[in-house]
Amino acid sequence: MSLIVNNLTKRFGPKTAVDQLSFDITQPGVYGLIGTNGAGKTTTIRMILDMLPIDHGSALWNGKTVKKSGLRYGYMPEERGIYAKTRVLDQLVYFGRLRGLSKSESVAAARSWMQRLAVTEYERMPAEKLSKGNQQKIQLISTLIHDPQLIFLDEPFSGLDPLNAQMFHELISDMAANGKTIIMSSHQMATVEQYCREITLLHRGHALVQGNLADIKRGYGHTKLVLGATVDAYNMAHRAGLTLQEQLPAECVFGLPEQNADAICAQLLRDLLAADIIPEKFVLSEPTLHEIFIDKVGEVEGGVAA
């Protein structure tokens, strides 16, 4: 299973929403399509799925041009699309029938998914009576009811409480482990870091960063030291040339210099131990995806992330 996006371009009048975007997904799992609001994420998804005409370029699934009629895909848009006045089971059966299932297959699949997501008790209730989180579960079931090969999730965790977010997390992880190809579009960087091995960072229709997320982070090297210790230890870190970035109740975060960061931290640790100070936490870390996002977008915006 592979999705090959090549020089995808979309213009709306004088505005270029997506500009010669290319990326490959050749292994099952979760691929992150991230960026600011208006970066071109949703436009890209809709071009790939043949919902918008492509001005230039191509999207190939298993070597064939993607067509709505020939691909078993699931798409959960950011703008949720369930029917507020219709009973939950009825509309899930309707969505199943639209996607080629028989009525009995739709009922069986809907009830199986409702049990998995703990919403069985609502099957005869109109969707408008459900909480926002449970409505989102129904939207997800309508996306997955026909067992799609390729799945697009646009801001899937938006508005979820921690319990429902954990349920979605387990489900997405299971699907990835079972060979599904999932493209997750989001501007929640912590969520993308949790799931995605490969990413494309879009800004104003252009790809700013692409590739393996671990490799991207590794390329920055260690940029922070998280130190949990005494005030004396923090003073020693300051004297070693480290810059205090954040002071928390139980630890401090220090920024590291671009040169010789590891050597400086190694010497600091030796000095702490020589002074009989054993830190509870001494962690060198690479930048978070959020920090990389701010850095890259800030570069093209003249130092201000838009």
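**Exercise 1.** How many bridges join strand β1 to strand β4, and in which direction do the two strands run?

*Solution.* The structure is a predicted model. First, locate the strands: β1 covers residues 3-12 and β4 covers residues 56-61. Next, count the links between them: 5 bridges join the pair, and the strands run antiparallel. Finally, take one position as an example: L3 stands opposite W61 of β4.

**Exercise 2.** Identify the partner of W61 in β5, and describe the hairpin that β4 and β5 form.

*Solution.* Begin with the pairing: β4 is joined by 2 bridges to β5 (residues 64-65), and these strands run antiparallel. Within β5, K64 is the bridge partner of W61. W61 therefore has to be read together with two residues, L3 opposite it and K64 in β5. Then turn to the connection: 2 residues lie between the strands, and N62 takes a positive phi near 55 degrees.

**Exercise 3.** Determine how α2 and α4 are arranged relative to each other.

*Solution.* Start with the axes, which come within 9 Å and cross at roughly 25 degrees. Angles under 35 degrees count as roughly parallel. The helices α2 and α4 are therefore roughly parallel to each other. As for handedness, α2 passes α4 in a right-handed crossing.

**Exercise 4.** Characterise the largest pocket by its volume and its lining.

*Solution.* The volume comes first: the largest pocket holds about 320 Å³ of space. Its lining consists of 14 residues, of which M51, Y73, Y75, R99 and S142 are the closest to the centre. The elements giving two or more residues to this lining are β6 (73-76), α2 (88-98) and α4 (132-144). By residue class, the lining divides into 7 nonpolar, 4 polar and 3 charged residues.

Key:
Residues numbered from 1 in each chain as written. Predicted model: local features only at pLDDT ≥ 70, side-chain atom pairs only at ≥ 80, totals over all residues. Heavy atoms only, no water. 1 Å grid on protein atoms, 1.4 Å probe; cavity = no way out; pocket = protein on both sides within 12 Å on 5 of 7 lines; lining within 4 Å. Points joined across faces, edges and corners; volume = space filled by probe spheres on them. Helix = DSSP H or I, 4+ residues; strand = E, 2+ residues; numbered from the N terminus. Nonpolar A, V, L, I, M, F, W, Y, C, P; charged D, E, K, R; others polar. Pairing = 2+ DSSP bridges. Axes fitted to C-alpha atoms, helices over the stretch in contact; angles between N-to-C directions. Parallel < 35°, antiparallel > 145°, perpendicular 65-115°, else oblique. Left-handed = near helix turned anticlockwise from the far one by under 90°.
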